[in-house]
Amino acid sequence: MTAQTVPGTEATALPAVHRSRRATVLGLTGTAAVLLAMAALPYLVDSGVTGQLVKLCYLVALASMWNLLTGYAGMMSMGQQAFIGLGAYLLFVVNDHGVNVYAGTLVVSALVALLAWPLSYLAFRLRGGYFAVGTWVIAEVVRLIVVRFDSLGAASGRSLSDVTADPVLRRAFTYWLALAVMAAAVLGTYAMLRSRLGLGLQAIRDDDTAAGSLGVDVTRGKRTVYIAAAAGCAAAGAVICVNSLGVASPTQIFGVQYSALMVFMVIIGGIGTVEGPVIGALAYFLLDKYFAQSGVWYLVVVGAVAIAVSLYLPRGLWGTFAQRTGWAVFPVRHTVGR
Amino acid sequence: MTAPLLRVEHLAVSFGELRVLEDVDLAVPKGQAVGIVGPNGAGKSTLLSAVSGVERASAGTVRLAGRDVTRVSAAERCRLGIGRSFQIPRPFVDLTVFENALVGAERGAGLRGGHARELALRSLEVTGLLPLANKSAGALPLLARKRLELARALATAPEVLLLDEIAGGLTEGEAEELVATVLSLKESGLTILWIEHVVKALVQVVDRLVCLASGRIRADGDPHEVLAGAEVAEVYLGGAAA
Ligand SMILES: Nc1ncnc2c1ncn2[C@@H]1O[C@H](COP(=O)(O)OP(=O)(O)O)[C@@H](O)[C@H]1O
Ligand SMILES: [Mg+2]
């Protein structure tokens with residue numbers, strides 16, 4: 001059979017469909033330039049600067065993953081710390097088996113993806129608010145299981161056994177690892193959204209009943225995203241572990257504050273856009289850098305920013321900007337005609 | 001005789017304690033257009049939902065081309081050839097009108113690339129939505145949303161098309177256009193189940209009329225005979241009196 005046609009239509013010429021090729025090329029070129037410039041930084045600036053940027057990189061990765069889950073697949077998770085913690089702790093395991101921490105980060109995210117698959121069957125029994133609470137509970141359970149292993153430092157955390165000895169090289173390698181994880185999270189999200197799966201995900205986000213009735217496999221789409229987001233958070237967790245040469249305490253790495261942080265960054269930046277989490281992470285990074293020393297005032301400023309943005313810019317910083325200007329660094333829209 | 005394309009047997013649907021459909025039997029041969037009428041709350045929309053897989057049957061079976069699809073997901077039923085519209089439109093509000101249709105063409109019809117885009121565009125063309133293709137679906141007024149329901153369902157390349165009150169609120173001229181569109185769909189071989197209160201539009205298209213009330217089929221047959229029959233009069237007068 002040839003192409004399907006709708007009955008009742010004459011063979012009139014149809015308008016062309018574009019996907020803003022020029023904007024796509026421009027956006028990807030710009031992104032590549034930024035990434036290359038960032039990759040060159042260890043040769044140009046003090047390791048104190050790249051050390052701070054490691055944090056920005058994993059924040060962007062975390063925010064992108066939460067945006068993928070909630071902004072695109074409509075799953076409001078408060079339990080991504082399960083995978084952050086697992087990423088960090090599994091890195092001890094693979095590192096103890098002689099895998100270096102950089103390759104280990106890749107191994108660890110693959111392992112966590114495998115673990116997330118059966119976990120999704122548990123989590124998907126819950127909807128809406130129950131899903132949020134349920135994922136949080138799962139994270140607590142994972143933490144309680146992990147601290148039963150003495151080899152993993154039990155309740156007191158532990159340090160990595162095998163790291164790059166030279167401190168200058170180690171800092172550069174850590175930074176490049178963080179940069180790679182960030183690039184993979186953002187560009188991976190973008191690639192997913194441009195694919196067939198991406199259109200289905202956006203349909204699921206807007207109305208999952210209607211999506212199902214139009215042939216979108218809702219559960220399969222959500223599961224794919226859940227697993228991808230778990231792998232991404234595990235990679236970020238491994239970066240956090242490498243950056244501090246270990247885990248100070250399981251309560252911290254499995255802490256719900258990571259989820260609160262992800263919510264903050266994504267809401268500030270703009271949920272449901274690829275760019276939003278990047279902007280939100282940058283905003284939080286700057287707030288943290290300049291106000292973290294101010295004690296209580298720090299929390300007041302962070303809270304005030306969150307309230308102001310949700311009141312006046314419900315689409316977030318990037319969402320509002322994009323809506324007013326029609327700009328996109330990572331365009332996904334289809335345009336008919338012209 | 002070949003088996004009917006769509007066959008519903010002893011179908012029942014309940015919402016908790018509430019029995020909304022009971023013992024519904026309906027066999028629709030390929031190419032037939034069936035109209036469904038009945039008072040509000042009769043269970044008409046629920047019947048479409050049970051056929052399309054949005055609601056689960058609590059008893060009975062739904063068969064498509066002889067295959068039992070009662071336990072099959074809505075998405076799979078769509079891919080097997082059941083396309084539907086929703087009475088209260090459910091557009092993907094942050095996608096464009098074109099992208100709404102593209103979801104159906106890619107996922108429901110299983111097409112890729114240019115083929116999917118072409119089918120999506122054709123379905124917008126038939127429903128007169130092509131000029132609005134780049135509009136955000138969330139910004140559409142109600143009537144355009146209803147047309148988008150039809151367009152999306154067509155974009156899934158269905159064999160059975162389920163329509164739920166798509167003519168309400170149309171002007172005389174618009175209703176005539178809609179009738180012409182649905183007629184041409186029927187002539188091309190589509191099997192149609194159409195719920196409609198605008199009986200005047202309905203009878204111009206359908207070969208057969210089913211009257212549903214309180215979850216049961218009260219009359220089923222030639223449209224004019226059903227409309228003239230005692231059951232319909234009773235059902236509607238009963239409905240008006242309630
Ligand atoms: N999801 C639901 N949950 C509970 N009750 C429902 C649901 N959907 C429909 N109903 C009830 O089922 C009955 C039939 O509804 P419906 O099929 O929409 O009727 P119709 O389309 O004929 O107007 C109504 O009493 C309605 O309130
Ligand atoms: Mg109804």
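**Exercise 1. How many residues of chain A are in contact with how many residues of chain B?**

Solution. The model is a predicted one, and the two chains are taken here as they stand in it. Step one is the count of residues: 38 residues of chain A are in contact with 44 residues of chain B. Step two turns to area, where about 3700 Å² is buried between chain A and chain B, and carbon and sulfur atoms give 62% of that area. Step three asks about individual residues of chain A: A:Leu14, A:Arg196 and A:Leu214 lose the most area to chain B, and together they make up 20% of what that side buries.

**Exercise 2. Describe the polar and charged pairing between the chains, and then the elements and residue classes on the side of chain A.**

Solution. Begin with the salt bridges, of which the count between chain A and chain B is 4. For a worked case, take A:Asp207 and B:Arg90, whose side chains meet at 2.7 Å, N to O; a salt bridge requires such a pair to lie within 4 Å, and the pair is accordingly listed as one. Next come the polar contacts, for which the rule finds 14 residue pairs across the interface of chain A and chain B, with both residues at pLDDT 80 or more.

The elements of chain A follow: helix H7 (196-206), helix H8 (208-213) and strand E4 (335-336) each supply at least two residues of the side that touches chain B. Of the elements on this side, H7(A) gives the most, with 8 residues. Sorted by class, the residues of the side of chain A that touches chain B divide into 16 nonpolar, 13 polar and 9 charged.

**Exercise 3. Which residues are around ligand 1, and which atoms of B:Gly41, B:Gly43 and B:Thr46 lie at short listed distances from its oxygen atoms?**

Solution. First, list the shell: the residues around ligand 1 are B:Phe15, B:Val20, B:Pro39, B:Asn40, B:Gly41, B:Ala42, B:Gly43, B:Lys44, B:Ser45, B:Thr46 and B:Gln87. By class, the shell divides into 4 nonpolar, 6 polar and 1 charged, and helix H1 (residues 44-52) of chain B gives the most to it, with 3 residues.

Second, consider the distances from the ligand's oxygen atoms. A polar backbone atom of B:Gly41 is 2.8 Å from an oxygen atom of ligand 1, and a polar backbone atom of B:Gly43 is 3.0 Å from an oxygen atom of the ligand. For B:Thr46 the partner is instead an N or O atom in the side chain, 2.5 Å from an oxygen atom of ligand 1.

Finally, as to cover, ligand 1 has 560 Å² of accessible area on its own, and the protein covers 60% of it.

Terms used. Residues numbered from 1 in each chain as written. Chains lettered and ligands numbered in written order. Predicted model: local features only at pLDDT ≥ 70, side-chain atom pairs only at ≥ 80, totals over all residues. Heavy atoms only, no water. Near = heavy atom within 4 Å. Polar contact = N/O pair within 3.5 Å; in protein donor to acceptor, adjacent residues only side chain to side chain. Areas by Shrake-Rupley, 256 points an atom, 1.4 Å probe, with all protein chains shown as cover. Helix = DSSP H or I, 4+ residues; strand = E, 2+ residues; numbered from the N terminus. Nonpolar A, V, L, I, M, F, W, Y, C, P; charged D, E, K, R; others polar. Contact = heavy atoms within 4.5 Å. Buried area = accessible area lost by both parts, 1.4 Å probe.
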